[in-house]
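Student: Could you walk me through how the parts of this structure are arranged, one step at a time?

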Amino acid sequence: MALQGILVVELAGLAPGPFCAMVLADFGARVVRVERPGSHYDVSRLGRGKRSLALDLKQPRGAAVLRRLCARSDVLLEPFRSGVMEKLQLGPEILQRDNPRLIYARLTGFGQSGSFSRLAGHDINYLALSGVLSKIGRNGENPYAPLNLLADFAGGGLMCVLGIMMALFERTRSGKGQVIDANMVEGTAYLSSFLWKTQKSSLWEAPRGQNILDGGAPFYTTYRTADGEFMAVGAIEPQFYELLIKGLGELTLLKMQQEAVSSQARQTLLSVKRPSLQPKSWGTVWL
Amino acid sequence: MALQGILVVELAGLAPGPFCAMVLADFGARVVRVERPGSHYDVSRLGRGKRSLALDLKQPRGAAVLRRLCARSDVLLEPFRSGVMEKLQLGPEILQRDNPRLIYARLTGFGQSGSFSRLAGHDINYLALSGVLSKIGRNGENPYAPLNLLADFAGGGLMCVLGIMMALFERTRSGKGQVIDANMVEGTAYLSSFLWKTQKSSLWEAPRGQNILDGGAPFYTTYRTADGEFMAVGAIEPQFYELLIKGLGLKSDELPNQMSMDDWPEMKKKFAAVFAKKTKAEWCQIFDGTDACVTPVLTLEEVVHHDHSKERGSFITNEEQSMSPRPAPLLSNTPAIPSFKRDPFVGEHTEEILDEFGFSREEIDQLKSDKIIESNKAGSKLWILYPHSNIQK
């Protein structure tokens, strides 16, 4: 496997760190997850492929154990707020002096510096501070965070794996490790670069929820079906949109509508309900 | 930089591929973006750090040009539906026979196989097919796709960068390239593994929109302020929740238990009424610097001026005064150095690239006169007429 022989020490935390370490394990790294003694179970649920070591880092002798592990490891992944590892005498200067090849990955919400760096937070806060949350949500509603996928997992865990892989690759040339500041605010913003790059374009000219990609367009959204389930529609290009309309049977119906001579006949046609879709679809079909 | 000396050939497409290639460019790779002659501008807007070659791949001589480029490159990134490259005689068997070190990355929506693999689609479709879309949305509403961030960029582009990095690293040991099937349905599902791993837990026991993380909880959602702005609340743990209540000026003993799901709708109304009484700035005064997990919902304009981003330099400006997020994550020794220059015009570097790859002056001239390639050093005359031009501020 791609990461055969790579040794990772993961200090237990929630969501982003565990996911990052699980990806490394999936691709062949040997991952040791260090958990507090007394923890009942791995709350992250992302322990696939890992081995678990219960160790009290707060005790100096516990910290010394970790130091010995890191002296022989390739990657350390820690999720604590800026300054915590330093207080435990386990900061990067110390561990990389022991092991200059060590890749020291620091995965947090707000980063290693900055006015928010010592504060608590969750996915929704990082998403909010990145600017990205302000773009997500339906017309007339408050901004909506899509579960904890964007900051915790995409801008957080996955972005951190990327940083670790960059450092591992670079190390094959330089022989040295690095310190990685992987934080969810910046990771989520970077992931969403497209939003900044198209900020002034017509793609986002309407208020939130009224644009093509944020739920405004009838051809890029979900619809409820007769059995209470849902279909997703993403027919942006004209040739795909044509097929959408065709599939909805509207083309036939609209043609019939055009051919209807009397207003009576037109009324009758307009009142026909499509059995498979809500009336909403009617208001949105136009020529 | 981390990817110094790595040569990437990107076949132009939308969103996922361009983002993937931009990340590689940000971290030091030399990226050649191959676009169709006649394209007016790079619709992806993600051309930072790349050079542009306009080449007609549909012509056999055009395909032959690409073959020569790939013979000397490290990564090929192609976004076409399964089978398209094979039809052009540019499939992996051929290109990796020329260059066994080539990493052949195939970034699509549905993948290289399977009943949907030759169909058209967009982010919302891949998100839907992954299972993930069904979990996202407010109570009583249809599932809602969060723009095109989850499938196009996270499960698509970013996941593909990861695959390429894995292959590059592995190649330092084996000396060989690989074929990467990076597709958005599987990428988005894998990214969201947590959902499957906690599927049976109490985290998702209520219908969509009524759980803690999907908008059900009063302590994990957004609220409107007096000035029509928004604050984000993420106070899950009891000690943070206490600070939230305190900051709102409420008393816990006058409220239902934090985790009493039946009371959540009422509590949301109560919190909403309180938030509506003060402006965003006033709420920031109260909550900034605390562990209440309450933060402003910054707009794209506000975020570049916010103290935290300013202190960290989280946003970069280029020569056209456009601001965008600095590449993440931060590497201490070999940080990404994103290009300061404007995005390239289509075909701006055609001749210089071919020259670098060993094409003679005669060959280049012939290809040009036969319209296999296009050279556009000054920029298309037509771009000024488009409102979406690069120069737009």
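Student: Into which domains is chain B divided by the domain assignment?

Tutor: This is a predicted model, and what follows should be read as describing that model. In chain B, domain 1 is made of two stretches, 7-192 and 333-374. The other part assigned in chain B is domain 2, with the bounds 220-317.

Student: How many Å separate the centres of domain 1 of chain B and domain 2 of chain B?

Tutor: The centres are taken over C-alpha atoms. On that basis, the separation between domain 1 of chain B and domain 2 of chain B comes to 40 Å.

Student: Which three residues supply most of the area that domain 1 of chain B buries against domain 2 of chain B?

Tutor: Between these two domains of chain B, about 220 Å² is buried, and carbon and sulfur atoms give 53% of that area. On the side of domain 1 of chain B, three residues together supply 81% of what this domain buries against domain 2 of chain B, namely R138(B), P338(B) and F340(B).

Student: How many salt bridges are there between domain 1 of chain B and domain 2 of chain B?

Tutor: The contact involves 4 residues of domain 1 of chain B and 4 residues of domain 2 of chain B. By class, the side of domain 1 of chain B that touches domain 2 of chain B has 2 nonpolar, no polar and 2 charged residues. Residue pairs in polar contact, both at pLDDT 80 or more, number 0 between these domains of chain B, and the count of salt bridges between them is 0.

Key
Residues are numbered from 1 along each chain as its sequence is written. Chains are lettered from A and ligands numbered from 1 in the order in which they are written. This is a predicted model: local features need pLDDT of at least 70, side-chain atom pairs count only at pLDDT 80 or more; totals for chains, interfaces and linings use all residues. Side-chain values use heavy atoms; hydrogens and water are left out. Domain bounds come from an automatic or database domain assignment. Contact means heavy atoms within 4.5 Å. Buried area is the accessible area (1.4 Å probe) that two parts lose on being put together, summed over both. A salt bridge is a side-chain nitrogen of Lys or Arg within 4 Å of a carboxyl oxygen of Asp or Glu. A polar contact is a pair of N or O atoms within 3.5 Å; within protein, one must be able to donate a hydrogen and the other to accept it, and residues adjacent in sequence count only if both atoms are side-chain atoms. Ala, Val, Leu, Ile, Met, Phe, Trp, Tyr, Cys and Pro count as nonpolar, Asp, Glu, Lys and Arg as charged, and the others, Gly among them, as polar.
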